[in-house]
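Work through the following exercises with the sequence and the coordinates side by side, and try each task before reading its solution.

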Amino acid sequence: MPLSARHLHLEGAYLGWARLEGADLSGVHLEDAYLGSASLAQANLSFAHLQGTYLGLARLEGADLRRARLDSRTDLSEATLNGKTRLGDIQWGGVGAIDLTTIKWERVAILGDERGVSLRSPTSKQEEVVRAYRQMATQLRAQGMNEVADRFLYRSQKRQRRALLRQGNVGAYLFSALLALLAGYGYRLGRIIVAYVLVVLVFAGGYLLSGGLPGSADLSLQQQALDAVQVSLNADPWARLLYPVGS
Amino acid sequence: MSEEQAATESPRPHPESTGIHWGDSISMERQQELQGYLDRWEAESDHGERKGPFDTQRMEERPLTSQGVIKDRNTERLNMTGADVCWLAGLFAPSDYSTRTLS
């Protein structure tokens, strides 16, 4: 029979440097316990009561913290997370209540919550992933960590798009895909410039192939190409604002 | 110890030996010690400031001896290992165990 520590009460216990890799600590009461430098890699801490728990320097790679209960006294200073750590639906005890600034978020490219959730997974699972990213982004933004928050929000949009496809909402999926392609949901604005240049060049190419203006056949190919780009730009209302015709 | 010897050694102790990792067994003496904490917790009518049977970090806040001497925190603190927690989890696992783990 698998062991479970669901009803185990370890409130205030001293577990510094404890080797708890892969431990099933689901629902365990660890309020005010000391888990400094403890190794909790791959541990199941879902539903765990971690109010006031000291987890400084704890190793939480691959740990499952979903629905764990934390509060402003919970200390995660320099805890180690990675892309397999699951953080969905954590009860944080308020927005920005816990200092997350000392965690090396560059090690967390994605949340572990999305692992095992494929396109074929139920919609509820897809939504859990989206929710996890948004929740983390909210916590991080409250502490001024906007770059990390933006990264997670971008990831949430991508996962949301997948959820839309799973739901069969093709229209919303295509619109979301268009937004991703053109601007990366606002987080990859360089794409809109690329798209703009491509549109101008495509129409310039079409204009060039159509023969251009009467009499332009006498011009060099280079001149014809420049004229085509000019005409394409003039047709663009945004370009007209910048370069009014006749100016 | 040579590198070759180190490489051939198992990273986990023999099941019958004691260890400090989750899943390792603990000695009978240690089991009795931990059981003592649980028994004392059950027997106490007033737990004082302590929040649980293993909350030894707060022992200095209340008199524990018959002479009313407040014991020092460092001498009373129980350092628990992963093996201790695993053993305790086995005690607390309900017979009608059903997983609540998230899939």
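**Exercise 1.** Why does A:Gln126 count as buried or exposed?

*Solution.* This is a predicted model, in which local features need pLDDT of at least 70, side-chain atom pairs count only at pLDDT 80 or more, and totals for chains, interfaces and linings use all residues. Residues are numbered from 1 along each chain as its sequence is written, while chains are lettered from A and ligands numbered from 1 in the order in which they are written. A residue is buried if 20 or more other C-beta atoms, placed from the backbone, lie within 10 Å of its own, exposed if 12 or fewer, and partly exposed in between. A:Gln126 has 22 C-beta neighbours inside 10 Å and therefore counts as buried.

**Exercise 2.** Place A:Gln126 in its surroundings.

*Solution.* A:Gln126 belongs to helix H1 (residues 123-142) of chain A, helices being DSSP runs of H or I with at least four residues, numbered from the N terminus. Leaving aside residues up to four places away in sequence, A:Gln126 touches A:Val117, A:Ser121, A:Arg159, A:Arg162, A:Ala163 and A:Arg166, where contact requires C-beta atoms, placed from the backbone, within 7 Å.

**Exercise 3.** Determine which parts of chain B call for caution.

*Solution.* The mean pLDDT (the predictor's confidence in each residue, from 0 to 100) of chain B is 72, with 55% of its residues at 70 or more. Among its elements, helix H1 (residues 3-8) of chain B has the lowest mean, 46, and helix H2 (residues 28-43) of chain B the highest, 94. Where pLDDT is low, the predicted coordinates should not be read in detail.

Methods. Helix = DSSP H or I, 4+ residues; strand = E, 2+ residues; numbered from the N terminus. Contact = placed C-beta atoms within 7 Å.
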